[in-house]
Amino acid sequence: MKLQPKWKSLAQPRIDSKWTEINSIHPAGSKLTSAKVMAYADGYVMARFPGCIPFVCSLEKWYERFTRQVPA
């Protein structure tokens with residue numbers, strides 16, 4: 001029996017959901033820590049930080065880098 005990677009058992013990101021960056025360090029040097037999911041397909045997530053261009057990330061890397069924001 002082959003075991004699935006841990007990230008495959010997690011919930012898939014939903015469109016318009018917001019996620020917080022785990023390490024809180026943005027490549028541009030600012031503290032943009034909240035990313036919004038724009039699309040999800042075939043194991044990839046397209047998201048963007050406010051005021052920045054979208055980026056694409058594999059689902060495995062997504063779960064290493066982000067955690068889901070819980071609505072208040």
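In helix α1, lysine 61 and glutamate 64 are three residues apart and therefore separated by about one helical turn, and in this predicted model their side chains meet in a salt bridge with an N to O distance of 4.0 Å. Lysine 61 is partly exposed, with a relative accessible area of 47%. The count of salt bridges comes to three, and the other pairs join separate elements. Glutamate 21 forms a salt bridge with arginine 65, the closest N and O atoms being 2.9 Å apart; this pair links distant parts of the chain, since glutamate 21 belongs to strand β1 and arginine 65 to helix α1, 44 residues apart. The two partners are placed in unlike surroundings, for glutamate 21 counts as buried at 3% relative accessibility, whereas arginine 65 is partly exposed at 27%. Aspartate 16 forms a salt bridge with lysine 36, with the closest N and O atoms 3.6 Å apart, and here the segment before β1 is linked to strand β2 across 20 residues of sequence. Lysine 36 counts as partly exposed, with 35% relative accessibility.

The protein chain as a whole has one helix and five strands, arranged along the sequence in the pattern β-β-β-β-α-β. Of its 72 residues, 22% are buried, and among contacts between residues at least 6 apart in sequence, 37% join residues at least 24 apart.

Strand β3, which spans residues 44–48, pairs with strands on both sides of it in the sequence. With β2 the pairing is antiparallel over five bridges, and methionine 46 in β3 is the bridge partner of alanine 39. The hairpin formed by β2 and β3 has two residues between the strands, and aspartate 42 in the turn has a positive phi of about 50°. With β4 the pairing is likewise antiparallel, over four bridges, and tyrosine 44 stands opposite serine 58. Six residues lie between the strands in the hairpin of β3 and β4, where glycine 51 takes a positive phi near 80°.

In a regular strand the side chains alternate between the two faces of the sheet. In β3, Val45 and Ala47 form a covered face, while Tyr44, Met46 and Arg48 form an uncovered one. Val45 and Ala47 also belong to the largest nonpolar core, which has 12 residues in all and further includes Trp19, Ala35, Val37, Phe49, Phe55, Cys57, Leu59, Trp62, Tyr63 and Phe66. At least two residues of this core come from each of β2, β3, β4 and α1, and α1 gives the most, with three residues. Such an arrangement may be set beside the tendency, in soluble globular proteins, of nonpolar side chains to be buried together. Within the core, phenylalanine 66 touches Trp19, Ala35, Phe49 and Phe55, among other residues that include Thr20, Glu21 and Ile22.

On the outside, the protein chain exposes about 5400 Å², of which carbon and sulfur atoms supply 57%. Two residues of the uncovered face of β3, Tyr44 and Met46, join Met38 and Val56 in a nonpolar surface patch of about 370 Å². Methionine 46 counts as partly exposed because its relative accessibility is 33%. Methionine 38, another member of the patch, lies 8.4 Å from arginine 14, C-alpha to C-alpha, although the two are 24 residues apart in sequence. Arginine 14 is placed in the segment before β1 and is exposed, with a relative accessible area of 61%.

Methods
Residues numbered from 1 in each chain as written. Predicted model: local features only at pLDDT ≥ 70, side-chain atom pairs only at ≥ 80, totals over all residues. Heavy atoms only, no water. Buried < 20%, exposed > 50% of the residue type's maximum accessible area, 1.4 Å probe, protein only. Contact = heavy atoms within 4.5 Å. Areas by Shrake-Rupley, 256 points an atom, 1.4 Å probe, with all protein chains shown as cover. Patch = residues over 30% accessible without salt bridge, like charges linked within 9 Å, V, L, I, M, F, W, Y side chains within 5 Å. Core = buried A, V, L, I, M, F, W, Y, C linked by side-chain atoms within 4.5 Å. Pairing = 2+ DSSP bridges. Lists of a residue's contacts leave out its neighbours within four places in sequence.
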